[in-house]
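Reader: I would like to go through this model with you and ask how each label was earned. Could you take me through the reasoning?

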Amino acid sequence: MKSIIFQTASKYLLPLLLLFSVFILLRGHYLPGGGFVGGLMAAIAFILYSFAFGLKETKSIVKLNPRYLMPVGLAVSILAAVSPWLVNLPVMTGLWYDEPLKLIGMVGSSLFFDIGVYLVVIGSTLTIMFSISETI
Amino acid sequence: MIFAVISGFILAALVPLFSSFARNLIPKIYPFLPLGIFIYLGTCFSQVTQNAPMHWSYNWVPSFGVNLDFRLDGLALLFGMLITGIGTLVFFYSSYYLKEDKYLDRFYGYLSMFMAAMLGLVLSDNLISLFVFWELTSISSFFLIGYKNDDPSSRKSALMALGITGFGGLVLLAGLIWIGFVGGSYSIIELVNSSELIKSHEAYPWIIGLLFIGAFTKSAQFPFHFWLPGAMKAPTPVSTYLHSATMVKAGIYLLARFTPVLGGTDSWNWTLILVGGITMLYAAAHSLFRTDLKSILAYSTISALGILVFLLGVGTEDALLAAGIFILTHALYKATLFLITGIIDHETGTREVTSLGGLQKVMKPVALAGYLAALSSAGVPLFLGFISKEIMYESTFHFSNWAIILTASIVLTKVFLFVAGFWVGIKPFTGNLPQEHAKAKMPSPLLWIPPVFLAGLCVLFGVFPGILDAFMQTVFNSMSPEGEVIHLALWHGLNWVLVLSLLTLGLGFALYKFLKPSQSLKGKLAPFDKFAPIELMERIGITFQSFAGSWTGFFQNGYLRNYVISILIFLTVLAGYRLYDGVDIHLDWSQISDITPSEFLVVVLMVTSIFFALITKTRTGVIVALGIIGLANCLFFLYYSAPDLAMTQFSIDTLTVLLFMLVLFQLPKNRSFSTRKLRVRDGALSLMFGVLISILALEVFEAPSYTEVSEYYAENAYLLAKGKNVVNVILVDFRGIDTLVETVVLVIAAMGVFSLLKLNLNPFNKE
Amino acid sequence: MSLAEYYNYVILPILGLSIILVFIRFLKGPSIPDRVIALDMLILIAIGIIAVYSMQNDQSTFLDIAMLFALIAFLGTVAFAYFLIQRSQNDE
Amino acid sequence: MIKSLFLSNILLALVWVFATGTLTQENFLFGFLIAFGILWLITINRTEIKYFSFVPKILWFFLFVLSKIIAANLQTVKESLYKKDDLSPAIIKVPLAAKSDLEITFLANLICLTPGTMVLDVSDDKKAMYVHSLHCEDRDTFIKEIKTEFEQRLLDLMR
Amino acid sequence: MNNSWIVLPILFQLVSAVVLLLTWGNIKIQKIVSILLSAIGLGIGIWLFLLIYNHGIQVTQSGNWPAPFGITFVADTFGSTMVLLASIAGFSVSIFAAGSMSRARLRFGFFPLLHFLIMGLQGAFLTGDIFNLYVWFEVIIISSFVLITIGGKKAQLEGAIKYVALNLLASIFFLIGIAFLYGLTGSLNMADLATKVQEIDNKGLINVTASLFLVAFGIKSAVFPLYFWLPASYHTPPAAVGAIFGGLLTKVGVYAMVRTFTLIFAGDVFLSLILSVMAALTILSGALGAMYHRHLGKIFGYLIICHIGFMMAGVGMMTELAIVGTVFYLVHDIIVKTNLFMVSGLILKINGTQDIKELGGMYKSKPLLSLLMAIPLFSLVGIPPLSGFWAKLFFIKGGLESKEYFLIAFIILGSFLTLWVIAKVWSEVFWKDAVNLPKKSKGIFFHELSSTGKWVLVLPVIFLSIISLYIGFGAEHIVSLSQRIASELMNPASYIETVLSQKTIEP
Amino acid sequence: MIMLTLGSLFILSTAVAMLRKPDVYLRINITTKTATLGLGLILLSSAIYFWDYSVTTRVIAIILFIFLTAPIGGHMLMRSAYLTKTKKWEGMKVDDLEGQYDPKTKKLYSEKRNTGFAPETTEKD
Amino acid sequence: MELLLIFIIGLLHAAGIYMLLRRSMFKMIIGLILLGNGVNLLIFLLGRLVKGKPPVIDEASKVFTEIYADPVPQALILTAIVIGFGLQSFAIILIKRVYKVLETDDLDDLNSTDEEI
Ligand code: NA
Ligand code: NA
């Protein structure tokens with residue numbers, strides 16, 4: 001899809017969408033959003049870019065192979081989930097930092113959990129999309 | 001006692017170990033196993049004959065009442081000694097008979113296993129353990145019949161034998177459990193006490209029916225008899241051991257064993273008389289149409305088994321006694337005949353009676369054994385056969401109104417068997433020695449001693465039946481606990497029985513002189529073959545096989561839509577029926593809110609898009625319609641306060657569209673496949689399902705709702721879980737595990753897509 | 001006329017009517033781009049509806065949905081465009 | 001290069017502040033950090049982007065565009081009442097003076113948002129742009145209009 | 001009673017999968033790591049089993065929210081037994097796969113998928129939440145989708161289409177059922193549901209919901225007339241995949257059915273009757289299919305159906321005795337079917353075909369291996385005292401107890417036909433002389449393998465055979481275990497009480 | 001309020017136009033701009049309604065997004081429509097694009113080409 | 001309104017099944033997607049409908065001050081949607097592969113694994 005217009009627009013849309021996806025991710029605990037939608041947004045951003053510039057270039061942007069992003073994200077989620085074991089609590093128990101951080105609000109294990117989800121969603125969606133694009 | 005049983009299994013299990021380094025030792029060592037056990041049983045003899053059965057018990061699966069309860073009483077001892085005694089001879093016999101065989105080690109393994117199973121069977125007092133050993137005899141028989149496994153007919157016979165006995169076994173299992181269920185115990189000895197309870201129970205006919213099927217299949221009763229002639233594919237020692245002396249008698253053993261528990265009713269007696277009677281006559285007559293020695297023996301064995309069943313059916317004390325003695329008698333002479341058949345086969349290479357004769361010139365001791373066994377079989381005085389025959393006639397002769405018919409049939413059977421016995425035991429040895437067999441030699445003593453020994457026993461017991469008194473008494477008491485004192489004698493006085501006995505001999509001899517075994521005789525039976533049970537059974541088998549094919553083909557027809565239809569109909573009918581049956585449809589309008597125009601609009605949008613998706617011809621049209629449906633869905637979510645859902649749904653719809661777009665253009669042109677009629681049918685079906693779901697949704701919606709859980713979430717989302725978007729709090733905290741797992745689903749899906757697209761192991765692919 | 005009524009009886013019907021008109025275009029087609037642009041248009045109108053709805057319910061949160069719609073809606077359109085071109089290449 | 005990246009970073013941070021709706025130092029810093037991360041993530045060595053910095057010019061231009069857009073809409077309202085016959089659609093080739101991708105894109109976007117015109121495609125050598133127009137009586141006036149009203153202004157602004 | 005570590009089997013498998021995903025592409029490492037991790041997983045399974053066996057039901061409330069608000073994980077005897085069995089099967093299959101799977105398939109993530117699948121199973125066995133159960137089911141089906149298609153061979157794809165379509169349909173029914181349950185009770189915790197369902201007046205609606213669950217789980221467990229996906233697909237993937245499918249996948253449907261019908265929908269008589277009829281026809285269909293086919297994989301596939309019928313018969317009778325039978329059979333069947341599919345893989349590896357008409361001569365060429373293979377084969381038949389035998393005692397007695405004589409008849413018929421089929425297989429594959437045909441399958445044959453390679457293939461078969469023998473000869477242990485499970489299932493009060501009484505833990 | 005009404009009316013007019021325009025190019029042409037303004041107005045009115053700093057910034061962001069994306073979507077779609085030779089209305093008088101695409105590579109030339117034929121210089125790939 | 005929603009749910013289910021009964025693989029997947037949508041709406045409906053009150057606690061307060069929509073079904077649907085996405089992407093790619101290998105979209109051409117003995 002070698003449309004100059006589209007390509008140029010995508011170039012600028014990419015950071016915008018990524019920014020927005022982080023925004024969606026972080027505010028999920030307080031307002032609609034969260035790791036899923038955030039991750040989907042981020043994935044969509046990259047997909048858009050790949051539409052415009054092709055796969056090779058997109059891959060070089062993503063840097064980390066999305067196939068490895070999945071286990072990394074999972075690992076983050078798992079760590080967040082099992083961290084309560086250390087203090088002898090059931091899995092998934094929310095562990096909270098006592099003081100709320102400005103802007104993000106309370107920081108706790110569930111935030112990291114959501115970040116893990118975010119990464120997994122990006123990883124898996126991109127894996128799916130990239131594999132398709134590669135085989136077309 | 002347990003060691004007696006277990007040792008066989010152990011030796012069998014050791015075969016694969018030994019065979020690597022001590023292959024040749026096996027035939028030399030293993031025969032001492034039955035011998036040892038025989039001697040052990042011999043030491044128990046005096047205790048058992050004093051009516052003090054020996055016990056040994058181990059709780060195996062006590063939770064179901066399954067114990068290894070071994071109980072050595074008279075009946076068990078009789079069988080045990082037959083098993084080990086004849087076993088010893090067969091083990092020795094085989095070590096020479098099958099000397100050349102490559103897989104002799106396996107053979108001894110099976111044989112040991114069989115012997116152990118058989119011992120376990122007759123020693124078990126527990127119904128379930130009895131069954132365990134019962135099945136083990138069937139399976140070892142399967143391996144033994146199929147021993148010459150490169151021969152297709154061997155394999156077929158093994159399968160058939162296993163099929164019949166396996167089927168009977170399973171039926172028997174049901175019967176045994178039923179007995180235990182009704183009688184409250186799995187111990188036979190305890191069941192004797194609840195005999196009346198069981199007999200008066202409504203399930204009694206079923207129970208004995210099941211038991212009979214088990215016994216009849218195993219003991220080759222009409223119409224299940226046909227596997228036995230087939231089983232003659234097994235090496236002759238096996239036929240001797242399993243298919244004449246021991247295993248086939250397991251059914252008889254079972255009936256005898258259960259006589260004190262279940263016997264004595266009309267249904268019990270008459271079924272056995274009828275089946276036994278038919279079997280003995282049918283098989284005895286059949287034996288005369290055979291020319292293969294083993295075939296003749298097979299049919300005469302079936303006939304003998306029929307006699308035994310018949311006698312157990314007659315069920316009087318005389319009859320039971322006769323059965324007890326005949327078990328021994330038959331085992332002795334029939335084993336002898338089988339063994340000499342084996343020798344003849346081994347030395348001359350044929351078992352065709354028409355081509356045999358004059359062999360006494362080259363193998364005198366074998367001939368002697370043959371003569372003695374034939375005479376015992378015929379029931380000539382001074383042979384054990386005579387004594388058993390006498391008591392047999394005695395029992396039928398005094399059996400109520402039916403005495404004449406019963407007696408006549410048993411006499412007739414005996415006449416036929418006379419001839420069969422002579423054909424096998426005498427005919428091959430007398431007359432002229434045909435040229436082609438002139439080179440036949442005297443076999444090794446390992447071969448001829450066993451039959452001679454057995455034949456000797458026939459005479460010994462025939463002349464001095466008193467030796468057996470004590471033994472037979474305990475055997476008899478096992479079947480009839482309150483039975484009288486017995487005394488076996490050669491001379492019973494001059495009476496009708498003696499007359500009949502002599503008549504039998506006379507008729508038999510006349511028939512022997514008159515009737516010569518011949519191929520043409522065999523051929524005369526051919527027209528009736530299609531009515532023979534084996535034919536019927538095979539036809540049933542074929543029909544069943546083709547039924548299997550059509551059933552399977554009908555359901556597993558390869559068309560996904562038919563599968564969906566069958567699932568759907570099942571669900572709709574089931575749920576619909578339950579809905580109709582148990583739910584009072586009611587409507588409460590109070591819960592239902594008004595429709596605003598914008599909502600209505602979304603509804604219209606959605607409904608129209610759905611229909612559009614259904615009817616449109618282009619795939620892209622469908623996808624766009626799907627997009628609109630998704631959008632409408634989002635609007636619903638939005639209207640009804642689910643912003644998170646709306647966002648997620650929209651993102652995912654977009655991605656799905658993307659996915660479709662990336663894939664679709666590679667699909668072939670869209671074609672319309674189905675006819676109008678089919679579409680109408682499918683439409684009706686799906687409508688049915690849709691209506692069902694709608695009604696259910698409505699009903700559930702109308703049901704009172706509980707909000708405990710969601711209230712808890714709402715209350716604690718911020719206070720405890722420190723989040724204000726409750727949905728997200730549920731996702732990452734309250735039900736975080738769900739979320740973790742669903743990300744795993746995504747990961748796996750991604751892996752799947754990746755491997756689907758990148759990995760292609762098809763041999764000839766254009767890509 | 002209260003604000004709520006105004007939304008309900010003026011604005012939403014207008015938007016609703018637009019939806020119906022666009023939807024008719026979708027149904028009529030005739031070409032795939034027609035349908036796609038109709039879908040695109042529908043999403044845009046939906047964004048409008050969301051905005052109105054957020055005012056109606058005094059929930060500014062809904063605007064975030066609108067934001068998301070605005071950001072990714074055109075991706076679908078792009079995908080369709082991509083598809084059309086690819087398919088035409090495939091056919092040749 | 002570093003400078004323009006920094007600028008983009010600031011710009012994105014501002015977008016962040018806009019989007020989150022909280023203008024505080026912390027939030028800006030946070031937005032800056034996130035934007036930094038994102039830029040790090042997506043930057044690969046490529047020819048650098050030029051940034052415009054003349055705020056008043058931007059504002060003026062913005063107003064101009066807005067007026068055009070409004071005009072476009074009013075026209076559409078009119079259009080929707082017109083009959084078919086009054087249309088004279090055409091696809092016109094407009095030669096391009098704009099060179100960079102960004103310029104072309106902005107131009108295209110402008111053209112798309114303004115009355116009756118829509119960019120169909122840009123030639124691969126970036127020398128011409130094919131524009132679909134609702135009304136085009138005369139090719140030359142049309143081209144001229146585009147070149148002066150849009151391209152010129154835009155290029156002034158951006159260069 | 002409260003033990004936050006009981007989710008360890010699940011999470012350990014998840015971590016294993018993640019570790020394997022990170023080593024994606026390096027087959028050698030993956031093989032070793034997977035076997036190692038499966039072994040540890042087996043250890044964890046044993047640990048959990050012993051824990052429950054000695055200390056009774058253990059519960060953890062994920063997120064430290066009291067039931068029914070969070071997701072509860074419950075390890076009762078049934079659950080922990082199933083976890084142990086799944087770990088055993090997983091361990092064996094990971095070894096077998098290391099020896100038998102083609103490199104290409106391994107490179108495309110077979111091992112992580114295997115661990116994901118086992119994780120899904122462990123989750124399904126341990127969860128106490130109906131929606132969470134759904135989610136685990138999805139993990140199971142998606143990993144099975146991937147596993148069944150891995151390699152993308154023609155037959156695999158054809159089978160997969162049906163497998164995917166019908167399993168997704170089942171998921172949809174399951175979800176509808178959950179929707180109704182939630183609509184009626186407002187709860188998802190199974191223990192809580194059990195109490196709330198009792199309080200619902202409109203029993204009719206509960207019954208209809210139960211029918212939905214019946215169909216959903218019926219499809220998963222391949223019951224008549226819902227089993228069609230199984231014969232269409234089970235023989236298509238490589239043996240290692242078939243082993244884990246044959247051993248565990250349908251069983252998780254049985255597990256779910258037993259769990260829900262003893263806990264949530266207890267006492268639904270009509271449903272029991274329907275189940276009994278379905279069970280009978282399942283037995284028949286499975287047995288007939290097995291008779292009809294010649295391909296080992298298909299035969300075993302149909303036998304799975306047949307024996308699912310046995311287990312369903314137990315569920316249909318719904319007496320404690322019959323449930324003992326079902327549980328015992330479940331234990332036996334998981335081990336034996338896993339083993340059988342490995343055996344069929346081994347046969348393929350040796351002979352290059354799975355068509356019994358083209359097979360033969362195994363007994364002559366590989367006598368010891370044949371005897372080894374005889375163990376699972378005849379265990380499956382239930383030649384007493386091998387493992388398949390004991391459960392039948394309970395089925396028959398249970399049938400007598402509940403007077404469902406026709407079920408007994410079908411069980412006997414099913415057992416008989418199984419015997420017949422296996423005897424036929426034995427006769428054709430092992431006894432018959434080798435048929436010399438051009439080898440169809442490509443790849444490395446058994447005789448070309450190094451001796452380590454051979455042992456890697458044979459060891460798991462030996463391992464499972466030993467377990468089979470133990471189940472048969474040490475039947476008392478399994479029977480008493482099954483009895484304990486059945487009694488826990490039929491008297492769910494303590495389960496419910498344990499779950500609902502566990503409040504949050506103070507840190 | 002007025003903005004809201006105006007906005008929705010703009011959208012309505014687009015919808016009408018969409019229905020009435022004779023070919024797909026015209027329809028695409030129309031939608032991208034009218035809708036954006038209509039939508040912009042509606043969104044602005046909601047910004048005014050809430051009169052809140054955060055909402056306003058968000059609304060501006062949305063409008064910017066739409067202004068950025070909608071034309072591109074339209075452009076892409078129109079381009080694909082043209083490339084797939086979707087039927088043009090017979091009223092279209094001038095079409096400079098006709099024949100300018102290389103039928104094989106889809107390369108677009110700025111100079112006038114001989115319609116219908118691929119230039120000899122086209123490399124095969 | 002609920003009645004209409006129920007109607008739509010029924011319609012989605014019916015349409016889904018109808019599509020599943022077609023011979024085209026493509027339609028099969030569309031059917032499954034429609035069914036998935038139907039189920040999601042069903043869960044949504046059975047959590048009872050509340051208009052315009054998302055389960056998001058006000059910025060100012062710590063608990064809900066007014067009526068709110070049941071968040072549980074929303075969370076469930078969210079999970080179901082994401083899972084559904086995973087499954088349907090796999091399914092879509094599957095039909096693509098099937099077509100690549102077998103060159104058909106017709107389910108009736110995919111019988112060999114059932115029919116071979
Ligand atoms: Na499954
Ligand atoms: Na399954």
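Author: Happy to; what follows is a set of questions about labels and the values behind them, and please keep in mind that the model is predicted.

Reader: Let's start with chain B. What makes chain B more spread out than a compact globule?

Author: First, its make-up: chain B has 32 helices and 2 strands. The globule rule gives 27 Å for 767 residues, while the radius of gyration of chain B is 38 Å, well over that value, so the chain is more spread out than a compact globule. You can also look at the C-alpha trace, which spans about 115 × 65 × 55 Å along its principal axes.

Reader: How much of chain B is buried?

Author: Buried residues account for 67% of its 767 residues. The accessible surface of the chain comes to about 25,400 Å², and 67% of that belongs to carbon and sulfur atoms.

Reader: How do you know what share of the contacts in chain B joins residues at least 24 apart?

Author: Take the contacts between residues at least 6 apart in sequence: 78% of them join residues at least 24 apart.

Reader: And where do the charges of chain B sit relative to each other?

Author: There are 46 positive and 45 negative charges, and their mean positions are 18 Å apart.

Reader: Now some single residues. Why is Asn269(B) called buried?

Author: The cut-off is under 20% relative accessible area. Asn269(B) has 12%, so it is buried. This residue lies in helix H14 (residues 266–287) of chain B. Not counting residues up to four places away in sequence, Asn269(B) touches Gly264(B), Leu312(B), Gly313(B) and Val314(B).

Reader: What about Ser376(B): why does it count as buried?

Author: Ser376(B) has 0% relative accessibility, so it counts as buried. Its place is helix H17 (residues 364–378) of chain B. Beyond residues up to four places away in sequence, Ser376(B) touches several residues, including Thr329(B), Tyr333(B) and Cys458(B). From Ser376(B) to Lys389(B) the C-alpha distance is 10.0 Å, with their positions 13 residues apart in sequence.

Reader: How do you know that Glu394(B) has no salt bridge?

Author: A salt bridge needs a side-chain nitrogen of Lys or Arg within 4 Å of a carboxyl oxygen of Asp or Glu. For the buried Glu394(B), the nearest side chain of opposite charge is Lys389(B), and that is 13 Å away. Glu394(B) lies in helix H18 (residues 384–397) of chain B. Leaving aside neighbours within four places in sequence, the contacts of Glu394(B) are with Asp318(B), Asn495(B) and Val497(B).

Reader: Then what makes Lys59(A) and Glu134(A) a salt bridge?

Author: Their closest N and O atoms are 2.2 Å apart, and the limit is 4 Å. Lys59(A) is in helix H3 (residues 55–62) of chain A and Glu134(A) in helix H5 (residues 109–135) of chain A, so the pair ties together parts that are 75 residues apart in sequence.

Reader: Why is Lys59(A) called partly exposed?

Author: Partly exposed covers values between the 20% limit for buried and the 50% limit for exposed. Lys59(A) has a relative accessible area of 35%, so it is partly exposed. Glu134(A), at 33%, counts as partly exposed too.

Reader: Which salt bridge can you show me in chain E?

Author: One of them joins Lys196(E) and Asp192(E), at 2.9 Å from N to O. The two are 4 residues apart in helix H8 (residues 190–199) of chain E, so about one helical turn separates them. Lys196(E) is buried, with a relative accessible area of 8%, and Asp192(E) is buried at 7%.

Reader: What makes Lys251(E) and Asp333(E) a link between distant parts of the chain?

Author: The salt bridge itself has its closest N and O atoms 2.9 Å apart. Lys251(E) is in helix H11 (residues 239–263) of chain E and Asp333(E) in helix H14 (residues 320–351) of chain E, with the pair 82 residues apart. Lys251(E) has 0% relative accessibility and counts as buried; Asp333(E) is likewise buried, at 0%.

Reader: How many salt bridges does the structure hold over all chains?

Author: It holds 29 over all chains.

Note on methods: Residues numbered from 1 in each chain as written. Chains lettered and ligands numbered in written order. Predicted model: local features only at pLDDT ≥ 70, side-chain atom pairs only at ≥ 80, totals over all residues. Heavy atoms only, no water. Buried < 20%, exposed > 50% of the residue type's maximum accessible area, 1.4 Å probe, protein only. Lys, Arg positive; Asp, Glu negative; His and termini not counted. Contact = heavy atoms within 4.5 Å. Rg over C-alpha atoms; globule rule 2.2 N^0.38 Å. Areas by Shrake-Rupley, 256 points an atom, 1.4 Å probe, with all protein chains shown as cover. Charge placed at Lys NZ, Arg CZ, Asp CG, Glu CD.
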